[in-house]
Each structure stands twice: as C-alpha cells, then as structure tokens.
Amino acid sequence: MVLEIKNLTKKYNKHKTGLTDYSITLENGILGLLGPNGAGKSTLMKIISTISKPTQGTLFLDGIDIVRNPGHIRKILGYLPQDFGVYPNLNAYEFLKYIAAMKGVGGRGLNQRIEVLLEGVNLMADAKRPIGTYSGGMKQRIGIAQALLNDPKVLIFDEPTVGLDPEERVRFRQLITELADDCIIILSSHIVSDIETIADEVAVMQGGRLITKGSQQDIMKHAENKVFEVLVAPALMPEFKSKYSVIDTSRQQDQVRVRYISELNATAPSSTPVKAGLEDAYLFLTQSNV
Amino acid sequence: MAYLFVPLHSASYTTLNVPGFKGAYNSAWAGYVSAIMTTVMLSMYGFLLVNSGIKKDIDTEVGLIIACTPISDFSYLLSKMLSNLMVLLTIVCCTFVVSIIMFFMRGSGYAFVLANFVVPYLILAVPAMFLVASLAVLAEVFLGKKNVLQFLIYFMLFGITMAAINSRGANNLMTLIDPFGLKTITSSIAHEISSQFHTDIQNPSFGFIFSGQKPFKVFIYEGIHWQLPFLISRLLWVGVSILLVYFSSFFFHRFDFKQTAVSKKPVAEVRQTNGPNLAAAGINRSLMPPVVTDYSIFPFVKTELLLLIRKGNKWFWLVNIGLWLAMCFAPLAIAHAYLLPVLWFLQVTRWSDLATKEKTNRLHYFTFAAYRPLFRILPAQILSGVILAIAMALPLLLRYAIAADLYSIVNLINGAVLVIVLAVAIGIITGGKKLYEIIFFMLTYAVINKLSFADYLGSMVHGNRIGYIVILTGLNAAALLLSFMVRSYQSRHL
C-alpha cells in the first residue's frame, strides 16, 4: 500500500494557510508527525482522511486519486481525531455499532468484533454504561477502539495519547507496533517520546511545511555535535537563556543543569557535548527554522 | 418582521387590532404601534433566543473555569442577564431604525416627531426586555436543561399576562402589574377613539390578524402623556428583573452538578479498574471475525431513533403519551388542529439538533469521514425524524384511514416531513438549533390561531386541494435539496 502526497496546499483564506507545497510518500509502517502547534499536522491528517479538500495538490492511494474518489480510502480508514466527541446517551456497544455502520461494517460477527475491541481497551465492564459518564482516558480508549473497527489499512491518530495515563500509553504503543506490519500508520504527537519509541520514520513540520523526513537516526544527525550540557548558577539563568537555545533544565543542588543547542565553536565555558536525541533534533530543527 | 409591524391601511392584516378602526399613519401611531409590536413579539420569541447563556458555559466547560474565579454567583448571573439584554436590545434597535425608515418611505404627509418613536421604545420595550432577559436566567437556574418545560412555563405566563392586558378596564393596580406597560397604551387608544367617535369600543388586541379588507374609520392618535405612576411602574419592573436574578443566585449550581446529583440519588459508582487500562494482551486480532461489509442505512436509523427517544427527560414521555391517547378520542378536528401541533411542538428539542448534533458533540469528524455520508447518514437522520413524527400522528392517521380520507393522510405525512426537513435544513445551514425552535414555535402558534398561510399539516380548509399539496411537497423537496447541497459542501471542508 502506497500513499503519495504531492504538492499539497491548503489555504483557509487569504491570510491563513494550513499547508504549503507538502509532498511525502508513505508505505506500510509508522510515520510520526512532529511539529509545534499550527504546524499543519491536523490539517494534513484531515486532508488524508478526506474531510478536508486541499486547495492544490494530489493524494493517490495505490494509484487512485482519493481527493476525487474519497470512498476508496474511507472503506479502509481508521481515524482518531484530536478533539473528537461522543453521543453521551449511547453506551459503548451502541456507539461502536453506530461507528461500524458509518464504516460499512456489519454482519453476524460485528458483536464479537466489538467485544474483542472493548476487551482489548479494557472497557468491557463499562460497556453498558452511557459514554457521557466516562472519564477522559476511557473516552480516548473508545476512540482507539472505533478506529480499529474495520481492520483499517490506513490509520490516522491525531494526538492519540492525550488523556492516557503512562501505563495506557505503553499499551497503546505496543498495539500500534503490532498493527504496523500491514498498515500505513500516521501518528502525530507533542510528546516526542511517544514517537521516538515506535515510529519507523519521522516527519518534522513547521508553518505548514515539511522541514525534513527520515528515520530517527537521520533526524538526529541534524543535531549532532550541537547539543551540550553545562551547570549554571540560578541567578545567571536569564542571561544564559538570552544567549543560548535552551532545551531542558534540571535542578542539581544549588545549580541548574542546562541542556542547550549551540554551534561547536560558540559554546558556554565548561560545557560538555552530549549525544543528541530525537527531542533535541526536533527542537533544533524547529528553532532554527523559525 | 419590523417591516410588517405597522401595516398600511390598504393591507389585509392588522397588528394592533381595533375592530372598525385604524390609526392615521402619523409619527405617534407609527412609533407607538411599532414599539408595542416589538415589545409583544420580542417578549414572546426573545425568550427562546436567549435562554441558553448558562448552557453554553456548561457545554463548553468554560463554566468550570468561571466557577473557580472570584466572581460571585449574583455577578455571574447578572452578567448573563445583561448579555441576554444586549442581544434583545440589539434587535429592538433594529426594529426602531426600521420603523423610522418605514415612516419616511411610506410618506404619509404627517410631520416626523422623533420623540414619538424614541419614548415608547424606551418606556415599553426596554423594561420588557429586562424582564425577558432575567426570566431566561431564572429558567436556566431552576429548570436547567429542561428546555421544553422552560418554554411551556414561560408561554403559559406570557399567555396569562396578555389575557390580563387584553381584558377590559384599567386601574392603577393593572398599570402596576402589567410587565409590558401595554395596558396603559391600549386604554389610551380606546379612550382616543371613544372621544373622537363617541363610541364604546373593546380594548385593542395585538398580533397579526389576517381579516382581509373591511370598512374602517380612521382616527388620529397623538400618543399619551406619561404619568408618573406609570413611569415608576416601568422602573419597578427593571428592579424586579434584577431582583429575580439576585433571588436565583441563591439556587445557582455554580457548575457543580455532581453535588446536586448526590443530594437527589446516589450516582453510579465510577469503576476503578486495577492494573493496566489497555488489557495486558492488547487487542487480540486473531479473535476478530473477518469484516463483513454492510452499507445499509438501517443501523443508522436505529441509532438515530434511539438518540431521539432518549433525549430529554424520560418522564416527559408521559405527557407525550397523554396527548397521543387524547388524539385517539378527541373530536377529529380538535385533534388535528390543536393536539397534534402541540404534540409535535413538544418534540422541538428532539428534532432541532437532528442534523447538528454530530457537530455539537464533535462527532462530525467520524460522520464526515464515513463511507458516503450524504447518502447514508443524512437520509437516516431525516428518516428517523419522520418516523417519530408519523408515530406521534398515528392516531389521526388511523382515524383518517378508517374514514378513507386520503387527502388528510397525505397532508399529515407532508406535515411530518416538513417539520423534519425544516429542522434539518435550518440546522445544516445555520449550524445551530435556535432558529428552528423559534420558527417551529411561530408556526405552531400560527396554526393554533388558524392562520391559513402557516397551515403546514392540513388542519384548515383550502380552496385548491391539489395546489396545497403541491406547494407543501415542493417546500419539502426544496428544503431537502438545500440540505443535501450544503451538507455535501460541509462534509469536505472541515
């Protein structure tokens, strides 16, 4: 399965552009989308899930134009939007049956399919309760279950780990990894560690443009020899921040350990180089592209 | 609407109705009648327009943020009341401007006196809007999300007030307890006519009355001299409005609903699951049966019906069942002309969000990304609404079937379709449910008052039967077409 996105542009109005000349080709596996707020991640996902039309550009799934023929991808699409809602009066069973109908899934096996999914997201015991009484994490889990109802071949998860506790996040990552063999999975998150652990490839976006795309190692190379650590007195922190691009700080007795980005020949005194991680590379790329 | 408030003498309807008389189109008549009609109409429909200020804060969860700010309950409710007032006064301003424009456009030859427009608006409409704005807050505090009950109680109060205003006789007490200040004006009009024509007339009444052209005499109305007790009574009503808000602040939930629920009955305990929330084994896909495709719309119809039935307070179904049973036994004409329109209107909150609830509940990402949503989900929503409307009208349909009255059956079905496609079309176009609720109320009011132009369910006699059916069917088709066209665009432009 190949999803080809070519020169995609989305303009909301004269002054607001969601995506600009965005091109990317995806095959089975997990693509992690990283980018600050307003980078265009949700816009891209909405266009791929065919609920938003691009102003320009093309989207082909296995050679079929899905802008003109959205039904082709909708049959095999699993989509978890960022801020989806539910009908509070329905219980989990009824809600999943409703979503199954949307996806065109039916037959005798539907109930069993729903039970397996509810069991999988550990909502079986609450399945008869109105969803309106669910917690945020439970709603997010029902969102994950609905995305998997139709054995999707294209899975889009927009900020899927929001509301999940650390244990749920670990389980979610495992689930996604299992699905990746025969699926195109696109996953956006603000939490770099979520993407770091599971994505085969990472695309960094900013201002509606693709900054770079590649394996995690490729992305991390951008920040190689540019990440340093140093101990700074708390009183000197404001001055330090004005000079350097600070990634992270941690308190260490009466000093602050600072992780920052700098060119090799312009580091602060007593700095030590450290190995760049994906988060470092992401921050380096987005800050240097402002 | 404001354009229609002060009809010309040649018009086939009246708004301030004094049988046998019409006022000369001078500044006082144009200003007073326009102010009176604005007060009456906006007092009636304005409530529907503004009675969801607190609900919006609940739905958007902004209320939770407000609840932990230092703002007092009274200040919050007063701010809601004032924002309601601003909405209503904006409409009052619009009708005020239109009334002046109309006066010049119609060029009746009388002098323009600005005070004859400004003063009645200030003295009649503004205090009345205060009251409507505060009653909307009061209703939200005490009746929460029970919208239909809010409407019913409000319109019952409104009806009683208007009946008192229309009754004969005026004294100081009547002046004081008239919240809209209309009694004084109608008495002055009656007095003016009596003195000009030496005849005793009934008190004028308000509302759009289509009576065709009848012989009439023209009287000159110059307005009234405002008496101090009357002016004080108007100020008193402003004070009462604020007091009502103050009173309701003692009962305001401050967005703490769980506490309220506990005091009534124990809430179902939220399960605390031990161990990982996503099952340890994850989703065992080998246990899943293969996907069987089914693109029929019946699962949607079933769910949509379920949503319609579960909406609102379940005890309200007792009222529905009562009216439904009454339609089985009441005289056919009464059941058709009064019971069915009322029963249908009582479902207004079920139908008003028929095609907007996915957006309100943020489910439109799923519905718009579904396989062929335009040909499956939207038709299912319409179908489920029509099924419910027809189920409500079933006693009448059966009685007409027994009487072999095909014409009435067609009209009832057309009417059932109309109330639903109207809800869908207006919901899709405006994105909200308020406009439909107001229009449906006006339609019900008009039908019950026998205004034949609004007869959407064939409860009145129409000269051209085929023509009537064609018009209704055409309206239904047009609303359907519009709904599909707009939804088609929306579903690809999120």
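**View 1. Where chain B meets chain A.** Here's the contact in this predicted model: 61 residues of chain A and 50 residues of chain B take part. Put together, the two chains bury about 5,200 Å² between them. Carbon and sulfur atoms account for 60% of that buried area.

**View 2. A salt bridge between the chains.** Zoom in on B:Arg310 and A:Glu94, whose side chains meet in a salt bridge. The N to O distance here is 2.7 Å. How many salt bridges does the rule find across the interface of chain B and chain A? Just one. Polar contacts add to the picture, with 20 residue pairs counted between chain B and chain A, both partners at pLDDT 80 or more.

**View 3. The side of chain B that touches chain A.** Five elements of chain B each supply at least two residues to this side: β5 (292-293), α11 (298-310), α15 (357-360), α16 (364-368) and α17 (373-392). Which of them gives the most? That's α11(B), with seven residues. As for the kinds of residue on this side of chain B, 27 are nonpolar, eleven are polar and twelve are charged.

**View 4. Strands paired across the two chains.** Look for strand β7 of chain A, residues 105-106, next to β5(B). These two strands pair in the antiparallel sense, over two bridges. To get your bearings, find A:Gly106: the residue it stands opposite is B:Val292, in β5(B). So much for the pairing; β5 is also among the elements that supply at least two residues to the side of chain B touching chain A.

Conventions:
Residues are numbered from 1 along each chain as its sequence is written. Chains are lettered from A and ligands numbered from 1 in the order in which they are written. This is a predicted model: local features need pLDDT of at least 70, side-chain atom pairs count only at pLDDT 80 or more; totals for chains, interfaces and linings use all residues. Side-chain values use heavy atoms; hydrogens and water are left out. Contact means heavy atoms within 4.5 Å. Buried area is the accessible area (1.4 Å probe) that two parts lose on being put together, summed over both. A salt bridge is a side-chain nitrogen of Lys or Arg within 4 Å of a carboxyl oxygen of Asp or Glu. A polar contact is a pair of N or O atoms within 3.5 Å; within protein, one must be able to donate a hydrogen and the other to accept it, and residues adjacent in sequence count only if both atoms are side-chain atoms. Helices (H or I, at least four residues) and strands (E, at least two) are DSSP runs, numbered from the N terminus. Ala, Val, Leu, Ile, Met, Phe, Trp, Tyr, Cys and Pro count as nonpolar, Asp, Glu, Lys and Arg as charged, and the others, Gly among them, as polar. Two strands pair if DSSP finds at least two bridges between them.
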